[in-house]
Amino acid sequence: MENALLIGLSRQIALHRELEVVANNIANLDTTGYKADGSIFEEFLMPAASASGFQGGDRRLSYVQDRATWHNLNPGPIRQTGNPLDVAIDGDAFLAVQTARGERYTRNGALQINAQGELVTSAGDRVLGDGGPIQFQNTDHDISINKDGSITVREGANTKSDSARGRLRLVRFDRAQQLQKDGASLFSAPNGVAPQPAPNARVAQGAIEQSNVRSVVEMARMVEVTRTYAQIAAILQQQGDMRRNAIDKLAEIPG
């Protein structure tokens, strides 16, 4: 009877973890550049008592084990904004940004210029170019971001020629699934996972990549997980009632 309770409890723990993942996806439906997560579970087989005094062959117990969380790195829908600082990436690349915690990587291309003239994300993290942070001057206007990520501006009121301000540093990863989330739309690279240049990636100016969360799928999954959790809770309640009834019956037997 304890085996049934433990197996049910292991499944409830797994469902609770999956519900957390689904709820986080739904909470980031409108987060620019967000990548949905999914849960991976596996069967954990545990042998029953193996002492020679037990009758019959051993029977293995099947538990549920929370193995990992995976990232859905498929591109999200592209929305045109008309903002010349917004960029959407076409390809399996990321923007490199500098945060207080070190270098991070993102698909969130909602960019802006801070008070120091630096190109930053909506969270204030500096966007990195091939030569470091990208810096603008107070007289810069008509900002143009080309498909290869190079940035040019018109400098001053009477200048008709373009001036370069750097090139967005676009990187890719051979083992992108090993990236670790650091916030809503940032990723960090663990030891052994190094960013590589992404020469085939292209940038679209005046657009952003929206979250790739599929709202209908996630809502349906949340309902399914909630129902399954409730069903298992009912089974565990039945097991508890059976155990309590058995103890009551045993107490009635004369000594």
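Visitor: What makes glutamate 103 and arginine 169 a salt bridge?

Guide: In this predicted model, the closest N and O atoms of glutamate 103 and arginine 169 are 2.9 Å apart. The cut-off is a side-chain nitrogen of Lys or Arg within 4 Å of a carboxyl oxygen of Asp or Glu, so the pair counts as a salt bridge.

Visitor: And why say that glutamate 103 and arginine 169 tie parts together?

Guide: Glutamate 103 sits in strand β6 (residues 102-106), while arginine 169 is in the loop between β13 (162-167) and β14 (170-172), so the link joins parts 66 residues apart in sequence.

Visitor: Why is glutamate 103 called partly exposed?

Guide: Glutamate 103 has 25% relative accessibility. Buried means under 20% and exposed means over 50%, with partly exposed in between, so glutamate 103 goes in the middle class. Arginine 169, at 23%, is partly exposed too.

Visitor: How do you know that aspartate 130 and arginine 167 form a salt bridge?

Guide: Their side chains meet at 3.2 Å, N to O. With the limit set at within 4 Å, the contact therefore qualifies. Aspartate 130 is in the loop between β9 (126-129) and β10 (132-133) and arginine 167 is in strand β13, so this pair ties together parts 37 residues apart in sequence.

Visitor: What else can you tell me about arginine 167?

Guide: Arginine 167 has a relative accessible area of 32%, so the label is partly exposed. Its C-alpha atom and that of isoleucine 145, 22 residues apart along the chain, are separated by 8.5 Å.

Visitor: What about arginine 172 and aspartate 174: what makes them a salt bridge?

Guide: Their closest N and O atoms are 2.9 Å apart, so the 4 Å condition is met. Arginine 172, at 26% relative accessibility, counts as partly exposed, whereas aspartate 174, at 60%, counts as exposed. Elsewhere, Glu18, Arg221 and Glu224 are joined into one network by salt bridges that share partners.

Visitor: How many salt bridges does the structure hold?

Guide: There are 16 salt bridges in the structure.

Visitor: Why is isoleucine 13 called exposed?

Guide: Isoleucine 13, in helix α1 (residues 2-27), has a relative accessible area of 54%. Exposed means over 50%, so the label fits.

Visitor: Which residues form a nonpolar patch with isoleucine 13?

Guide: Leu6 and Leu9 join Ile13 in a nonpolar patch on the surface, and together they have about 280 Å² of accessible area.

Visitor: What is notable about the phi of aspartate 142?

Guide: Phi of aspartate 142 is near 50 degrees, a positive value in a residue other than glycine. Most residues other than glycine have a negative phi. Aspartate 142 is in strand β11 (residues 140-145), and with a relative accessible area of 55% it is exposed.

Visitor: Let's finish with the largest pocket. What is its volume, and which residues lie nearest its centre?

Guide: The volume of the largest pocket is about 250 Å³. Its lining has 16 residues, with Asn25, Asp37, Gly38, Trp70 and Glu218 nearest the centre. The elements giving two or more residues to that lining are α1, β1 (37-47) and α2 (215-252), and α1 gives the most, with 4 residues.

Visitor: How do the residues of that lining divide into nonpolar, polar and charged?

Guide: The lining of the largest pocket has 6 nonpolar, 5 polar and 5 charged residues. Of those nearest the centre, Trp70 counts as nonpolar, Asp37 and Glu218 as charged, and Asn25 and Gly38 as polar.

Notes. Residues numbered from 1 in each chain as written. Predicted model: local features only at pLDDT ≥ 70, side-chain atom pairs only at ≥ 80, totals over all residues. Heavy atoms only, no water. Patch = residues over 30% accessible without salt bridge, like charges linked within 9 Å, V, L, I, M, F, W, Y side chains within 5 Å. Areas by Shrake-Rupley, 256 points an atom, 1.4 Å probe, with all protein chains shown as cover. Buried < 20%, exposed > 50% of the residue type's maximum accessible area, 1.4 Å probe, protein only. 1 Å grid on protein atoms, 1.4 Å probe; cavity = no way out; pocket = protein on both sides within 12 Å on 5 of 7 lines; lining within 4 Å. Points joined across faces, edges and corners; volume = space filled by probe spheres on them.
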